[in-house]
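Work through the exercises below with the model open beside you. Try each task before you read its solution.

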Amino acid sequence: MSGSNEDDNIFKTGGIFANRELVRVGHVPDLERVVGRDDEVNAIGQALGPATVGGPPESTIIYGKTGTGKSLVARCVSREAHFEAQANDVSFQQAYVDCSDYQTDAKASREMARKLAANLDADIDVPRVGIGAADYRDITWDLLAEYDINSLVVILDEIDKLDDELLRSLSRARESGKAEAHVGAICISNKIEYHERLSERIDSSLQENELVFDSYDTGQLRAILENRTDAFKPDVLEPDVIPKVAALSAKEHGDARKAIDTLYEAGRLAEKQGTGTVTVSHVDDAVQRAEVNRFEKLVRGTTPHVKYILRALALLTVDNPEQEAFRTHQIYTLYLKVAEQAGADPLSEDRVYRLLKEQSFLGVTESNHTGGGQGEGSYLEHRLLRDPEVVIQAIDSSTKGGDP
C-alpha cells in the first residue's frame with residue numbers, strides 16, 4: 001500500500017488530537033500544568049529545597065486515594081528540584097520506583113539502581129537476577145560516588161506493597177557510611193495507616209513530613225482538564241464536554257487520572273467514528289467503555305463457570321427490569337442454558353450458590369436472605385451491583401477466542 005491516497009492510509013489518525021500524550025495516563029507534565037495542588041507542591045518543594053543547595057532532603061510520606069495527584073506532584077517537583085540544583089551547581093538526582101510492580105526488596109532495589117543509572121546515562125549493566133538486594137543497593141551507592149552526586153531522593157510509590165528493608169537502608173545510608181551523598185525518600189501510599197507499621201528505628205531515622213492529598217472537586221477537575229485542551233486540535237471539543245467529564249468524575253470518584261482517561265477515550269471514540277468534534281455523547285460512551293474495561297479486568301482471571309453464572313444473572317436483569325434480585329434457582333436455570341450453549345458440563349446448584357456468594361464477597365453481586373411468606377420460608381436472592389450491559393460486554397470481551 002503506497003499511502004499516496006489519504007483514504008487508503010491505514011495509519012491515518014484523524015483530526016482530533018494535536019498531542020495525545022498530554023491526555024495519556026502516566027504522562028508527567030510540566031509543573032505549571034499541575035492544577036489544584038499548590039499547597040502540596042510548596043510542601044514537597046520545601047522538603048527538597050535543602051537538597052538543591054547541597055544539603056539533606058527531608059523525607060516525606062504522602063497519603064491519598066488513587067488519582068489525587070500524589071505521584072504526579074512528587075515526580076514533577078523532584079524534576080524541578082533537579083533543574084534548580086543544576087542552576088546552583090549542585091548535583092541532585094531522583095529515582096522513581098513503583099512498588100506495585102516491584103514488590104520485593106531485591107526488585108525494588110534493582111529498579112532504583114536501574115533508574116539512577118539511566119538518569120546518569122551510566123554505562124553499566126544492572127543484572128536482572130543473580131545478586132541480592134544489598135548488592136543492587138551497592139550499585140546505587142557506587143554510582144552516587146562515581147558521579148559525585150550531592151543528593152538523591154527516591155520516590156517509592158505504593159510503598160505499602162513493600163517491606164521496610166529498602167526504606168531502612170535509604171534512611172541510614174549516609175549514617176552507615178554506605179553513601180557520601182545525602183539520601184532521602186518520598187513515600188507514597190493509599191493507606192493512611194501505613195505509618196503505623198513502621199518500626200521505631202525507621203521512624204526515628206526518617207524524621208518525615210506527612211501530607212494528605214484529598215480527592216479533587218468538580219472545579220479542580222475542570223481546571224485540570226482545561227489545562228490539557230491543547231492535546232486536541234482547535235475547536236474539536238464541544239463546550240459541554242469538559243464540564244460533563246469533570247462533574248461525572250467528581251461525583252463518582254474525584255480521580256484526576258480517570259477523568260483524564262475519560263476525556264482521552266471520548267477523543268478516541270470520535271477519532272474512530274471519523275467525526276470532526278468530540279461531543280457529550282462520546283463522553284457517555286467513554287464512561288461505559290471505561291466501566292467495561294475495569295470489569296473485564298476483574299472477571300478475566302475467573303473460571304468459565306463464574307462467567308456463565310454472571311452472564312445468566314445479567315441476562316435475567318436485562319429481561320426483567322422491574323425485578324431487582326433473583327433467587328438462586330432462577331439463576332441456576334438460566335446458567336444451565338448458558339453452559340449448554342458453551343458446550344460445558346454444568347456445575348451443581350449448590351456449587352453455583354457458593355460461587356454466587358463468592359462474587360458477593362468480591363463486590364460484584366449482592367446476596368440477601370429474603371422471607372418468602374407463609375409456607376415458603378426464607379431464601380437467598382442475588383442482584384448485580386454493576387450495569388448488566390457492562391457485565392455482558394466485559395464477559396464477551398474477556399473471553400474472545402476463549403471461553404463463553
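**Exercise 1. Count the salt bridges, then place the one between Asp 105 and Arg 137.**

Solution. Take a salt bridge as a side-chain nitrogen of Lys or Arg within 4 Å of a carboxyl oxygen of Asp or Glu. A search of the whole structure gives 16. This is a predicted model: local features need pLDDT of at least 70, side-chain atom pairs count only at pLDDT 80 or more, and totals for chains, interfaces and linings use all residues. Numbering starts from 1 along each chain as its sequence is written, and side-chain values use heavy atoms, without hydrogens and water. Now go to Asp 105 and Arg 137: their side chains form a salt bridge of 2.9 Å, N to O. Asp 105 belongs to helix 3 (residues 105-119) and Arg 137 to helix 4 (residues 133-146), so the pair, 32 residues apart, links distant parts of the chain. Helices here are DSSP runs (H or I, at least four residues), as are strands (E, at least two), numbered from the N terminus.

**Exercise 2. Describe how helix 11 packs on helix 14.**

Solution. Start with the geometry. Helix 11 (residues 304-319) and helix 14 (residues 388-398) pack at about 150°, axes 9 Å apart. The axes are lines fitted to C-alpha atoms over the stretch in contact, and angles run from 0 to 180 degrees between N-to-C directions. Next, list contacts, meaning heavy atoms within 4.5 Å. Helix 11 contributes residues including Leu 310, Ala 314 and Val 318; helix 14 contributes, among them, Val 391, Ile 392 and Ile 395. Finally, sort by class: eight nonpolar, two polar and four charged. Nonpolar covers Ala, Val, Leu, Ile, Met, Phe, Trp, Tyr, Cys and Pro; charged covers Asp, Glu, Lys and Arg; the others, Gly among them, are polar.

**Exercise 3. Find what lines the second largest pocket.**

Solution. A pocket is an open set of points on a 1 Å grid over the protein atoms alone, where a 1.4 Å probe fits, with protein on both sides within 12 Å along at least five of seven lines; lining residues have an atom within 4 Å of a point. The second largest pocket has a volume of about 450 Å³, the space filled by probe spheres set on the points, which are joined across faces, edges and corners. Of its 14 lining residues, Lys 258, Asp 261, Ala 290, Arg 294 and Lys 297 are closest to the centre. Helix 9 and helix 10 (280-300) each give two or more residues. Helix 9 has the largest share, six residues. By class, the lining holds three nonpolar, three polar and eight charged residues.
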